[in-house]
Amino acid sequence: MSNASSSRRNIIVVGAQWGDEGKAKVVDMLAEYAHVVIRSQGGCNAGHTVKFNGETFKFHHLPSGLLYEEKLCVIGSGVVIAPEILAKELEDIHGKGYSTKNLKISDRCHITLPYHIEQDKRQEMIRSAGEGSSKIGTTGRGIGPTYMDKVGRLGLRTGDLLEDVAVLKAQIERIVVEKGFFAAASVDYLLNVCLDYKKILAPYICDTVELLQDALAAKQQLLFEGAQGTLLDVDFGTYPYVTSSNATAGGACTGTGVGPSKIDATLGVMKAYLTRVGEGPFPTEDLGDVGDILGDRGQEWGTTTGRKRRTGWFDGVVAKYSVEVNGLDAIALTKLDVLDTFKEVKLAVGYRHKETGAMVSRFPASLHTLATLEPVFETMAGWESDTTEITNYDDLPETCKAYITRLEEVCGCPVWMVSVGPDRQQTLIRQHPFG
Ligand code: IMP
């Protein structure tokens with residue numbers, strides 16, 4: 001690890017589109033320079049593929065820095081935990097010979113209980129029934145209902161598992177009564193479930209606010225790893241086709257107890273094209289050959305659900321909005337090599353009203369308004385050459401650099417990192433985020 005003191009110590013990495021932007025690779029690379037890697041929101045709906053020493057790991061809850069033995073890895077209070085799924089992740093890591101002794105889980109995380117998963121699936125069934133399905137296409141992991149109970153003050157937190165059994169039982173009784181479950185059976189059943197969860201989680205639970213404050217006081221470098229993406233944020237995404245947490249930069253603060261004044265830079269990860277999994281609007285979606293090529297070359301299948309991702313050209317309106325609501329300092333542009341074979345590449349530089357032709361430059365809150373708009377594309381020359389072996393930004397083909405320059409202009413934000421393949425060395429760094 002570099003101990004070089006840097007001017008930017010604490011960095012947030014967020015997904016700046018609809019998730020699956022390749023955050024794990026960026027976080028994995030930057031983790032080398034950080035002392036602490038922290039997850040702050042979402043839960044096992046996330047799927048982060050991490051390649052380490054020739055092995056592939058699929059993380060759902062765990063911070064991507066976990067495979068570096070000396071890094072402290074924190075799951076902050078804004079994350080919701082499904083203990084059985086976390087247990088499988090831990091088993092996988094232990095089975096491959098890695099330690100999890102540096103993992104710490106906040107005592108304020110909310111726990112997904114079996115009824116949350118049932119409720120998630122039931123709500124999706126109801127949404128799908130009848131004509132005009134309003135299905136969200138959730139991951140079916142109980143994420144929405146867990147956050148609903150958190151905000152409804154009916155949740156169970158990791159710290160509750162460490163209380164005396166009588167205190168834990170009283171807490172469960174309160175939930176069971178308020179939720180109107182059939183009390184006696186439910187209380188005993190849930191208490192047993194929680195005692196099992198305690199066995200999995202107890203070694204890791206602690207006051208992570210204190211840990212992080214100590215790390216800040218010691219001037220350590222903190223890396224906040226976002227999950228999902230800006231357009232899936234419950235406040236700023238394409239509501240209701242969103243997840244139930246704040247996937248934008250603010251979530252890194254509210255989900256960890258580290259105040260915004262401590263953050264030195266926010267990096268937004270964007271694919272050089274666009275994907276979305278699940279239902280909901282996607283203005284630049286391409287249902288033809290281009291979409292197929294992007295899906296095939298980009299291997300666009302979900303890590304958590306295995307679903308095929310929808311694909312399309314880069315959307316500059318989405319990206320500019322994302323730069324604004326996250327306060328991005330820079331972009332990490334990923335999967336640029338997926339565009340290598342195209343004769344021409346396109347990017348949306350605005351939207352146009354389908355009937356009046358009026359130009360619209362901002363991303364609207366209303367999905368009805370969004371449905372009346374269509375993207376206005378700019379077409380640029382492609383580069384039709386392999387970029388995957390390039391290690392220096394200046395060596396990219398001129399047309400490729402022109403595409404990136406135009407993308408920066410449209411977004412109003414500089415590109416600091418470019419990824420041209422899954423391996424660490426396939427990353428072109430123009431400015432180091434921790435620099
Ligand atoms: P939920 O988070 O399971 O409630 O799903 C809500 C929406 O967010 C669905 O469209 C999911 O496909 C999407 N979603 C949740 N997590 C991810 C992710 O990590 N990547 C991409 N999409 C996600």
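**Exercise 1. Find which ligand atom type sits 2.9 Å from an N or O atom in the side chain of Asn 45, then look at the other ligand neighbours.**

Solution. Start with Asn 45: an N or O atom in its side chain is 2.9 Å from an oxygen atom of the ligand. That fits a polar contact, a pair of N or O atoms within 3.5 Å (within protein, one must be able to donate a hydrogen and the other to accept it, and residues adjacent in sequence count only if both atoms are side-chain atoms).

Next, take Arg 307, which has a polar side-chain atom 3.0 Å from an oxygen atom of the ligand. For Asp 20, the partner is a nitrogen atom of the ligand, 3.1 Å from a polar side-chain atom.

Now widen the view: 15 residues surround the ligand, counting a residue if one of its heavy atoms lies within 4 Å. Thr 139 and Thr 243 are among the closest.

A quick note before going on: this is a predicted model, where local features need pLDDT of at least 70, side-chain atom pairs count only at pLDDT 80 or more, and totals for chains, interfaces and linings use all residues. Residues are numbered from 1 along each chain as its sequence is written, and side-chain values use heavy atoms, with hydrogens and water left out.

**Exercise 2. Work out where Asp 20 lies and what its phi is.**

Solution. First, place it: Asp 20 is in the loop between strand S1 (10–15) and helix H1 (23–31). Helices (H or I, at least four residues) and strands (E, at least two) are DSSP runs, numbered from the N terminus.

Then check the backbone: phi is positive, about 60°, although Asp 20 is not a glycine. Most residues other than glycine have a negative phi, and most peptide bonds are trans.

Speaking of peptide bonds, the one from Tyr 239 to Pro 240 is cis, with omega near 5°. Pro 240 belongs to the loop between strand S10 (222–225) and helix H8 (250–254).

**Exercise 3. Describe how domain 1 meets domain 2.**

Solution. Begin with the bounds, which come from an automatic or database domain assignment: domain 1 is 7–107 + 207–429, and domain 2 is 110–204.

Count the contacts (heavy atoms within 4.5 Å): 36 residues of domain 1 touch 22 residues of domain 2.

Then take the buried area, meaning the accessible area (1.4 Å probe) lost on putting two parts together, summed over both. Here it's about 2300 Å², with 61% from carbon and sulfur atoms. Val 80, Pro 83 and Asp 107 supply 24% of what domain 1 buries against domain 2.
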